[in-house]
Amino acid sequence: SYDESRPDERRFTSMNEGDDAAALDRRLEKEARFDPDVWIVEVEAGDMPIEELIPIVTL
């Protein structure tokens with residue numbers, strides 16, 4: 001569930017940094033080895049900018 005009155009409690013980091021699917025897969029595998037409880041979420045936002053749907057943390 002998501003509490004709209006407290007949107008900053010969940011933060012997401014965009015991992016897609018281009019069209020290199022193999023590099024993205026390697027990165028996600030590495031994250032899963034480091035944190036087996038990691039949540040990996042794929043969002044199909046359509047024409048809406050993803051930043052309008054969820055708070056994105058810039059590293």
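## A residue in the helix

Let's start with Asp25, which sits in helix H1, a stretch covering residues 21–34. The model you are looking at is a predicted one. Is Asp25 buried or exposed? Neither word quite fits: Asp25 counts as partly exposed because its relative accessible area is 44%, between the 20% and 50% cut-offs.

Now find Met15 as well. Asp25 and Met15 are ten residues apart along the sequence, and their C-alpha atoms are 10.0 Å apart in space.

## The chain as a whole

Step back and look at the overall picture. The secondary structure amounts to one helix and zero strands. The chain has 59 residues, and 2% of them count as buried. It exposes about 5,600 Å², with carbon and sulfur atoms supplying 49% of that area.

## A nonpolar patch on the surface

Next, look for Trp39 in the segment after H1. Trp39 is classed as exposed because its relative accessible area is 72%, and the cut-off for that class is over 50%.

Trp39 also has partners: together with Val41, Val43, Met48 and Leu53, Trp39 makes a nonpolar surface patch of about 530 Å².

## The largest pocket

Rolling a probe the size of a water molecule over the atoms reveals where empty space remains. Here, the largest pocket holds about 890 Å³ of space.

Which residues lie nearest the centre of the largest pocket? They are Thr13, Ser14, Met15, Ile40 and Val41, out of 22 residues that line it. Sorted by class, the lining of the largest pocket has 14 nonpolar, three polar and five charged residues. You have already met two of these names: Met15 in the distance to Asp25, and Val41 in the nonpolar surface patch.

Terms used:
Residues numbered from 1 in each chain as written. Predicted model: local features only at pLDDT ≥ 70, side-chain atom pairs only at ≥ 80, totals over all residues. Heavy atoms only, no water. 1 Å grid on protein atoms, 1.4 Å probe; cavity = no way out; pocket = protein on both sides within 12 Å on 5 of 7 lines; lining within 4 Å. Points joined across faces, edges and corners; volume = space filled by probe spheres on them. Nonpolar A, V, L, I, M, F, W, Y, C, P; charged D, E, K, R; others polar. Helix = DSSP H or I, 4+ residues; strand = E, 2+ residues; numbered from the N terminus. Buried < 20%, exposed > 50% of the residue type's maximum accessible area, 1.4 Å probe, protein only. Areas by Shrake-Rupley, 256 points an atom, 1.4 Å probe, with all protein chains shown as cover. Patch = residues over 30% accessible without salt bridge, like charges linked within 9 Å, V, L, I, M, F, W, Y side chains within 5 Å. Salt bridge = Lys/Arg side-chain N within 4 Å of Asp/Glu carboxyl O.
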